[in-house]
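Work through the exercises below with the structure open. Each task is followed by a solution in steps.

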Amino acid sequence: MRGVRWRRVASQIGRSVAVWAVSTLTMLVLAALLPDFQLQSADGDSATRIAVTAACGAGAFGVLSAVVWPLLVRLLLLVPALVLGLLVFFLNGSLLLLALRINPSGRGEAAPETAVIVAAVMSAVASATGAALAVRDDETYRRRLHRLAARRRRTDPPCPTAPGLVFVQLDGVGHDVLVDAVRTGLMPTVARWLGTGHGAPPTGDGPRSTGDGPPPTHRITPWRTDWSSQTGASQLGILHGSTFDVPAFRWYEKERGEVMVCNRPTSAAELQRRAVLRTGDGGLLTVDGASRGNLFSGGAGEQALVLSIAARRRGRENRSRAGYFAYFSDPAGAVRTALSFVAEVVREIGQSTRARMCGQRPRVSRGGLYPLVRAFATVVERDVVVAAVMGDMLAGRTAVYADLVAYDEVAHHSGPRSRDAEKVLQRLDRSLALLQRVAEHAPRPYRVIVLSDHGQSPGETFRSRYGRTLGGLVRVGCGLPVPRRATGVPPRVRQRGSTHSGTEARAAVRAALRRPVEERSEQLRPAPGSEPIVLASGNLGLVSFPDVPHRMTKEEIDARHPALLTTLANHPGIGFLLVRSEEHDGVVLGAHGAEIPLSKLDDQPGPLARFGPGAAEAVRRTHSFPHTADIMVNSALDPAGGEVLAFEEQIGSHGGLGGAQSHPFLLSPLELSAPVDGEAELTGAEQVHQVLRRWLDELNGPQIPLTDDTEDERAA
């Protein structure tokens, strides 16, 4: 054992010396290239003296990065994650200036702006060198992260021996997309888990080994969402066990006079509160859990980039120490992420320019802040969340749930099957491989479960095909004037949700900033009036009349606007409508006068027939919600290609019925019981929640008690 220990020490010293040597060489090269970075006196020095100065400077910078940097991060834990990420460059440059000042040779100096560049390059080179030298040394990697976790858990009781569960949500990745990614070799880690060789797709609920590799360790199970196929409803159901009264991503609540938006911090907090009151459970992660990058907390005590707490006053209870420290404690890693952020921005600009020059169709605008939002989702959010999950695993937490939004963000603008989206899938697969490596060295066994909250359906936008938004079409049916501007509606009643399509990524940005940017007050609380409020949630539209306090019936709408329902139902871009009825409680309306009572949909599906099994039940359930809109509008569906028409500016959309958006997946270890028996179908996020709770129970995981705060809320 002593010999092994000394070999490890010698190996570590050797790597440190190699990194120091490469850093010294990098400093010499930069001094030769940058006029404002000097390693010699004004009178000139010998080559040996310059080399000694560079060696001392590189050594001092390395020591300061290892010792001072973690202290700076701890002092800045209250700084929002995104802001701290931007400070990385300046803090690193300050450390370099300090290293040059304390250099024994007294020769080095650099302009402040040059110091930032030199420090960034040196950190990136040092990180790449260290990673290359330790690429096959899992023990070195494990020890580095384990030290970080041990500091946070030093006063906690010993880690349980029962396996823990790590839930990784690949936001927006549909079942069909995952299967094809495995078949084509885009996701080798998932393919290995499923026991499939290259070109061999999974078959059935549990894929069989091809005989050319190891046996499968996981099974893949498709599941079906509710009508509202979007993260707000699905993740609320998965983490808190209820999707009740979440009819869409955006909806108008008449009694409050307010628009609810799932990625708005105050709305997310309210939805979580309602779910806890309805179920009587604190959430899936209440006991020794961690929530990373999610819209909702799941009752977890450890949280990072969680939107539902972003609106709270910042303090010790929600500053997410584990997520911040695990990410920013390594200056080289932080600089690498910052450089990757810049590279992703450049990559997006190049890809969008190529798509525009090639005349790609369909296509949506990818300008403005979108390159920055995409880079945050595909680089910063991914790195922060994955680092936090690794820290949770090495700390031995019982249940961890993390959402990676990168694919969903890119697929919205580039398409679910685009080359851009495929590149993101490859990176996500590498993140899963990294988590698997960490699990092998965690203080307790872990079972990694991968799932998605919805899929995405391709198709051009409603506006690009018909030259008018859904809001403009509603105004035509109401006999209201329609201006010529492209939006189709005037600013005061403009269709909400028609431009901001990066919902999950923007939510992560808001949570990272801890100063969430709310929508304008006139959008959240529209001025009272008789004009309709039109909201978009992917290919699902909602029409509400704010001056009528109750949900209007078909008869009332016809009396008020005789042409509205006919105009909508007969439009080629509309698949069907749902409205309340005085005679039949609720009816589905379609083209050519189709009117089917909800009670007869099973025998006479009418316009719902092309939307597949489960559509009728999903519509009936949404009809029962208190805040269902006066008119629910689902776009048309092309069954051949699974294409829908988004009412938002998205060429990959989700939120309603039609195509792949309603069919996510659940990838689970074979050690756990099957999600469903036999040929039964896994339906709805609430059922997925029950499956995850069952698995926690099987592994002697946490029961889901009510917290004291929850009891107080129920009593109130």
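**Exercise 1: a pair within one helix**

At 48% relative accessibility, is Glu617 buried, partly exposed or exposed? Find its salt-bridge partner in this predicted model.

Solution. Buried means under 20% relative accessible area and exposed means over 50%. Glu617 has 48%, so it counts as partly exposed. The partner is Arg620, with the closest N and O atoms 3.3 Å apart. Arg620 is also partly exposed, at 22%. Both residues lie in helix H21 (residues 615-623), three residues apart, or about one turn of the helix.

**Exercise 2: a pair between helices**

Which parts of the chain does the salt bridge of Arg374 and Glu348 link?

Solution. Start with the contact: the two side chains meet at 2.5 Å, N to O. Next, place the residues: Arg374 is in helix H12 (residues 370-394) and Glu348 in helix H11 (residues 331-357). They are 26 residues apart, and the pair links distant parts of the chain. Finally, check exposure: Arg374 and Glu348 are both buried.

**Exercise 3: a positive patch**

Which helix gives the largest share of the positive patch?

Solution. List the members: Arg354, Arg419, Lys423 and Arg430 form the patch on the surface. Helix H14 (residues 419-439) supplies the largest share, three residues. Lys423 lies in this helix. Patch residues need over 30% relative accessible area and no salt bridge. Lys423 has 36% and is partly exposed.

**Exercise 4: helix H9**

How does the reach of helix H9 compare with the expected span?

Solution. Helix H9 (residues 265-279) has 15 residues. From first to last C-alpha it reaches 21 Å, close to the expected 21 Å. Just after H9, Gly280 takes a positive phi of about 75°.

Technical notes. Residues numbered from 1 in each chain as written. Predicted model: local features only at pLDDT ≥ 70, side-chain atom pairs only at ≥ 80, totals over all residues. Heavy atoms only, no water. Helix = DSSP H or I, 4+ residues; strand = E, 2+ residues; numbered from the N terminus. Expected span 1.5 Å × (residues − 1). Buried < 20%, exposed > 50% of the residue type's maximum accessible area, 1.4 Å probe, protein only. Salt bridge = Lys/Arg side-chain N within 4 Å of Asp/Glu carboxyl O.
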